[in-house]
Amino acid sequence: MLTKQNKLDIYALLCSEFPKKKAIPMKDVQAYLENNGLSYAEFGYRNMRSLLEDLQEFLALGKSPGTAKKKDPDVTLHDYVETPPQKETKPKKTEGKKEKPDLKAAIRKALEKGRYQKDKEYPLATISKTLRDDGIDCHAFGFGKMKNLFLSMPEEFEVRNVEMNGVMQPWIRLKETKPERPQKTKADILKTTDKLIPVPAKKARSSVKAVKKETIRAKVEKKEDGSENFFVPDKLLLSLKEMAALGLDDKTIVGRLQKDYASALSNRQVERRPEGIVFPLSFLNRNGETLIGAIRKADSQTGYAYFLNFVGVDKDKPKDYLRQMVHFSDYEESIATLAKMAKAESWCYKGSKDKHIILKIFLQYTFYRLVSQKKIMVDEASGFVSFNTGLVTEDYDPIYAVLILNRSKTVKEDYLFQGFTVAGSQGLGKIVVERFSPLPAKATYIDDPSDLLPKDNMQIHTDYRHILLDNLDRLPLSFLANIAAPFEGCRKIVDQIEKEKNPFKIQRLYANLSEKLQNDDLFYNLLRTSLEMAISKGLSMLRYDYRMVLPSFFPTRNVLSFMVPLSFGRNHGKVDAVLLIEKMPSGNYQGQTILTLKQCYVNSRLISPLQNTYLKAEEIED
């Protein structure tokens, strides 16, 4: 069935073609959606009408006056409403219609014949084969995929993704069915608190969603007392102390981390993600936000089974503390002023509508880092506040931001922006010198520069399946076209991607190509071999000229990596993408993922300017 994001995508697609509050023939809407790659069967619907009926958030079905004989209803778009009013359901007429077979009963009978046990998990592929052998076809029941069929019966089955050899694979658990009971009253429900996930007292609600009845079998190392244990790197321990302002000793902090993980397991509050097994922490950061941790399996040569891989706020992107904490009377003008003061460089990509988009993100990430490192300087006596922007003038003088504590009840932010300046200049520059000693320090990212230099004997362990199956859209189309040339089906999809302009349909085409790649060993092996050659050539480039080594810092994960330039075409001087390399606690190097040049630009610019490197903002398409 459609997810919320699917619905939002469809809403944007329809609004780009049809007007709102105007009756549109359903056949026109159906034709438009199908032409843009949307298949109702793939999402588990019997027909397009049933799919449209599930989009009450932004459309309504009904017949226009004077069209009583019309078979299909008209479609009327309206504004997106998060919780649409419930439609009155009318009993369906069943006279004269042949009843469809009981799907649940048929599946249950087939699984009993296959001797599948209740409350146990099995790979989706294994169960699917059993059902197909017994004559049960998901398409016959209106489902595009067998996974969607199981998702439609949550009371019978539980579907969860399990990471196997770096690829997320669906597994099915057969639930223990119980006889129906009389409907409980509110008082009855309140008595059954033992079945609810307990929430510890005085603990902020975790931003990690509880995974109901999910068992994460993390075989971590056992200590002598039988409790679960994992290694905590010193860097993450220090980072946690800074974020949460902890005055505890290292041993106590590690003990609390272990306890948090054990508690999350027992309360089913763990979740498997690409960064590892994620669980909520009992620590809060300085802003009162709940923190999460993630553990990953360690190298077999280490003395521990698992290690802490991440500590931080559960956000995909760094929180914009700058706009939340600092009030600007005119933000756009302030950014333009900073761009004029700073040493000249490109602050937008090729084709960017916002000519300062890179500078805005740079300042946001820098402020986020300064807050975590406690480098926002405050003079309580005068109320002045200042921080180092990390930028310099043409004369290489550091540029500082000057703020003032907010004492007005009409403004919600903590500080009021006063301006940018250099130390000692007239006005604000003199305030910086008079009120702050030493002057505000810049954000720092690199502890040991030697970690960024590739060793001659360095081996990179790369998750090729994740990179190729999940990130095909980050590879150059010309490169994909060359590899797909001998494979007719794949070649046609690549040709369609090259011609297509609609983002929604492009996304669907890449998903189809990924599915073909997963099912075609020869196509996958050719693509993997080509990627391995590109990585090998990129490492040779770094060893030949160390100046090509560009670091990259991810603020949310507090992780420093370096990038291997990847070139896939015959133009050897052109870099098409990068492979992100991270040094693990064991000393090995992990190839985490492949990124487009735009995806890695700002994270690399945080550390140093990128002029005279292969990352040129003016050549990167927005």
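**Exercise 1. A strand and its partner**

Task: Find which residue stands opposite leucine 284 in strand 11, and then work out how enclosed strand 10 is.

Solution: Leucine 284 stands opposite threonine 290, a residue of strand 11. Keep in mind that you are looking at a predicted model. Next, look at the pairing: strand 10 and strand 11 (residues 290-297) run antiparallel and share five bridges. Finally, check burial, where the cut-off is under 20% relative accessible area. Of the nine residues in strand 10 (residues 276-284), seven are buried, so the strand is largely enclosed by the rest of the structure.

**Exercise 2. Order in a sheet of three strands**

Task: Work out which strands stand at the edges of the open sheet with the order 1-3-2.

Solution: Begin with the order 1-3-2, in which the pairing is antiparallel. Strand 1 (23-25) and strand 2 (59-62) are at the edges; each has a single partner strand, so one side of each has no neighbour in the sheet. On average, neighbouring strands here are turned by 35° against each other, direction ignored. Now zoom in on one pair: strand 2 and strand 3 (residues 74-77) are antiparallel and joined by four bridges. Within this pair, glycine 62 has aspartate 74 of strand 3 as its bridge partner. Last, add the helix: helix 2 (residues 26-35) lies across strand 1 and strand 3, at about 65° to strand 1.

**Exercise 3. Helices on a sheet of five strands**

Task: Describe the open sheet with the order 13-17-16-15-14 and say which strands helix 11 touches.

Solution: This sheet has five strands and mixed pairing. Its edges are strand 13 (326-327) and strand 14 (377-379), each with a single partner strand, so one side of each is left without a neighbour in the sheet. Strand 14 is joined to strand 15 (residues 384-392) by three bridges, and the two run antiparallel. Here valine 378 has valine 385 in strand 15 as its bridge partner. Helix 11 (residues 331-341) packs on the sheet and touches strand 15, strand 16 (398-405) and strand 17 (415-422), with a direction about 15° from that of strand 17. Helix 12 (residues 357-372) packs on the sheet too, touching strand 13, strand 15 and strand 17, and its direction makes about 125° with that of strand 15.

**Exercise 4. Two helices meet**

Task: Decide whether helix 15 and helix 16 are roughly parallel or antiparallel.

Solution: First take the angle: the axes of helix 15 (residues 477-484) and helix 16 (residues 488-499) cross at roughly 160° and come within 9 Å. Angles over 145 degrees count as roughly antiparallel, and therefore these two helices are roughly antiparallel to each other. Their crossing is left-handed. Then list the contacts: Leu477, Leu480, Ala481 and Ala484 of helix 15 meet Cys490, Arg491, Val494, Ile497 and Glu498 of helix 16. By class, this contact has seven nonpolar, two charged and no polar residues.

**Exercise 5. Unusual backbone angles**

Task: Find where lysine 21 lies and whether lysine 21 is buried or exposed.

Solution: Most residues other than glycine have a negative phi, and most peptide bonds are trans. Lysine 21 has a positive phi, near 60°. Lysine 21 lies in the loop between helix 1 (4-15) and strand 1, and counts as exposed at 70% relative accessibility. For a cis peptide bond, turn to serine 437 and proline 438, where omega is about -5°. Proline 438 lies in the loop between helix 13 (428-435) and strand 18 (460-462).

Note on methods: Residues numbered from 1 in each chain as written. Predicted model: local features only at pLDDT ≥ 70, side-chain atom pairs only at ≥ 80, totals over all residues. Heavy atoms only, no water. Axes fitted to C-alpha atoms, helices over the stretch in contact; angles between N-to-C directions. Parallel < 35°, antiparallel > 145°, perpendicular 65-115°, else oblique. Left-handed = near helix turned anticlockwise from the far one by under 90°. Contact = heavy atoms within 4.5 Å. Nonpolar A, V, L, I, M, F, W, Y, C, P; charged D, E, K, R; others polar. Buried < 20%, exposed > 50% of the residue type's maximum accessible area, 1.4 Å probe, protein only. Pairing = 2+ DSSP bridges.
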